[in-house]
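Hi there,

Here is the structure I promised to pass on to you. Could you keep it open while you read the notes underneath?

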Amino acid sequence: MKNIFHLPSRSKCRLLWAKQAYSEIIKNYESFPLYRETFINGIRKQELNALYLTSLLHLGQEDKVLKERRKILALKESNLLPFFLELNKFSIETMHITANNTMAKALDAIQAISCFEPIDIFWKEYCRNKNIAIVGNAPIETRKGSDINNCDLVLRFNNFRISGYEVSLGNRTDAWCHICDIRPLNSLTQLYESINIDILTDNPLNTIVGNYFLDSTLKFKKKIFYIPQKIVRDLTEQLNAIPSSGIRILTSLNRQPTSFNINQSIFGFSFTNAKFNKKIFDHYFETKTESKERSHNINNEVNLLKKMFRTDER
């Protein structure tokens with residue numbers, strides 16, 4: 001009987017993609033075709049196909065991709081193709097598949113990525129000799145709003161909220177750190193669009209992007225930085241899980257030279273909370289069970305960050 005750990009798996013391939021283990025993705029995908037075609041369906045099947053085809057491109061096996069036109073057309077039909085930027089580009093430019101509006105936007109977006117800069121430049125040019133507040137989304141029980149607002153620079157994450165939380169968490173935001181497939185609520189887009197600096201906690205060429213990424217990349221004139229894939233790869237190896245946005249940013253900060261003299265204050269992170277419950281992944285604006293965050297290993301992240309930083313509870 002086939003070892004269950006070697007069966008084709010979307011979640012396994014997503015983890016391998018974070019590690020840039022393209023050969024392993026191909027091996028996993030091709031390991032048991034009958035199982036893959038019988039038991040993996042819907043969006044999971046389409047995403048697994050896209051991960052496989054993208055890995056072939058990374059390894060220079062374009063000839064194999066050219067033979068998979070049916071799968072590419074299925075990805076187009078499912079509206080998933082544009083969110084794999086390199087595969088989308090290859091499909092249009094090399095396979096001559098007619099682009100729909102979203103595919104055309106994705107092709108324009110991949111050109112715009114060349115203007116993005118690695119986050120090291122952000123730390124150097126914006127944070128040197130500054131007091132910065134890094135505000136995560138974990139619950140905070142004390143009133144730190146004034147402390148946060150008084151910092152020179154304030155960073156917040158993903159679907160953060162301000163309204164109703166000003167006393168605890170302040171109301172300033174200078175940089176918005178978020179994943180590439182962020183899907184903000186309509187009620188929050190005006191807030192997010194007013195921020196002049198975006199920090200992508202993914203490399204858009206090595207992750208799935210989303211509609212908001214495509215629209216905002218082309219529509220708004222922001223300064224955009226990104227987390228280099230090496231940080232994501234290193235953390236994925238250490239955690240044996242896909243790292244959260246928070247640990248990616250904090251790891252990048254921790255690797256900066258002491259000569260930058262960045263004085264960081266960290267708020268809203270589980271590793272600073274003595275009441276941390278490894279079975280619960282709370283946000284200050286919602287409560288989530290860990291099952292909804294199964295791509296992350298929060299307990300391992302907490303342990304790693306405790307070693308990395310010596311921060312008082314906040």
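Below are my notes on some helix pairs, two buried charged residues and the cysteines.

First, the ground rules. This is a predicted model, with residues numbered from 1 along each chain as its sequence is written. Local features need pLDDT of at least 70 and side-chain atom pairs count only at pLDDT 80 or more, while totals for chains, interfaces and linings use all residues, and side-chain values use heavy atoms, with hydrogens and water left out.

Helices 1 and 2

Helices here are DSSP runs (H or I, at least four residues), numbered from the N terminus. Helix 1 (residues 10-18) and helix 2 (residues 22-30) have axes that come within 8 Å and cross at roughly 165 degrees. That makes helix 1 roughly antiparallel to helix 2 (angles over 145 degrees count as roughly antiparallel, under 35 as roughly parallel, 65 to 115 as roughly perpendicular and the rest as oblique). The axes are lines fitted to C-alpha atoms over the stretch in contact, and angles run from 0 to 180 degrees between N-to-C directions. The crossing of helix 1 with helix 2 is left-handed, that is, the near helix is turned anticlockwise from the far one by less than a right angle; clockwise is right-handed.

On the helix 1 side, Lys12, Cys13, Leu16 and Trp17 meet Tyr22, Glu24, Ile25 and Asn28 of helix 2 (contact means heavy atoms within 4.5 Å). By class, this contact has 5 nonpolar, 1 polar and 2 charged residues. The classes are: Ala, Val, Leu, Ile, Met, Phe, Trp, Tyr, Cys and Pro nonpolar; Asp, Glu, Lys and Arg charged; the others, Gly among them, polar.

Around helix 15

Helix 14 (residues 229-239) packs on helix 15 (residues 245-254) at about 115 degrees, with the axes 10 Å apart, so the two are roughly perpendicular. Their crossing is right-handed. Ile231, Val232, Leu235 and Leu239 of helix 14 meet Ile247, Arg248, Thr251 and Ser252 of helix 15, which by class gives 5 nonpolar, 2 polar and 1 charged.

Helix 9 (residues 119-126) also packs with helix 15, at an angle of about 60 degrees and with axes 10 Å apart; the pair is therefore oblique. This crossing is right-handed. Here Ile119, Asp120 and Trp123 in helix 9 meet Ile249, Ser252 and Leu253 in helix 15.

Two charged residues to look at

Arg248, in helix 15, counts as buried at 6% relative accessibility. The cut-offs are under 20% relative accessible area for buried and over 50% for exposed, with partly exposed in between (1.4 Å probe, protein chains only). Leaving out residues up to four places away in sequence, Arg248 touches Thr201, Asp202, Ile227, Ile231, Val232, Leu235, Ile242 and Pro243.

Lys71, in helix 6 (residues 69-77), is buried too, at 9%. With the same sequence neighbours left out, Lys71 touches Tyr29, Arg36, Gln46, Asn49 and Leu53.

Cysteines

How many disulfides does a search of the whole structure find? The search gives 0, a disulfide being a pair of cysteine sulfur atoms within 2.5 Å. For Cys127, the nearest cysteine sulfur is that of Cys177, 9.6 Å away. The sulfur of Cys180 is 12 Å from its closest cysteine sulfur, also in Cys177, too far for a bond. Cys127 is buried at 0% relative accessible area, and Cys180 is buried at 0% as well.

Best wishes
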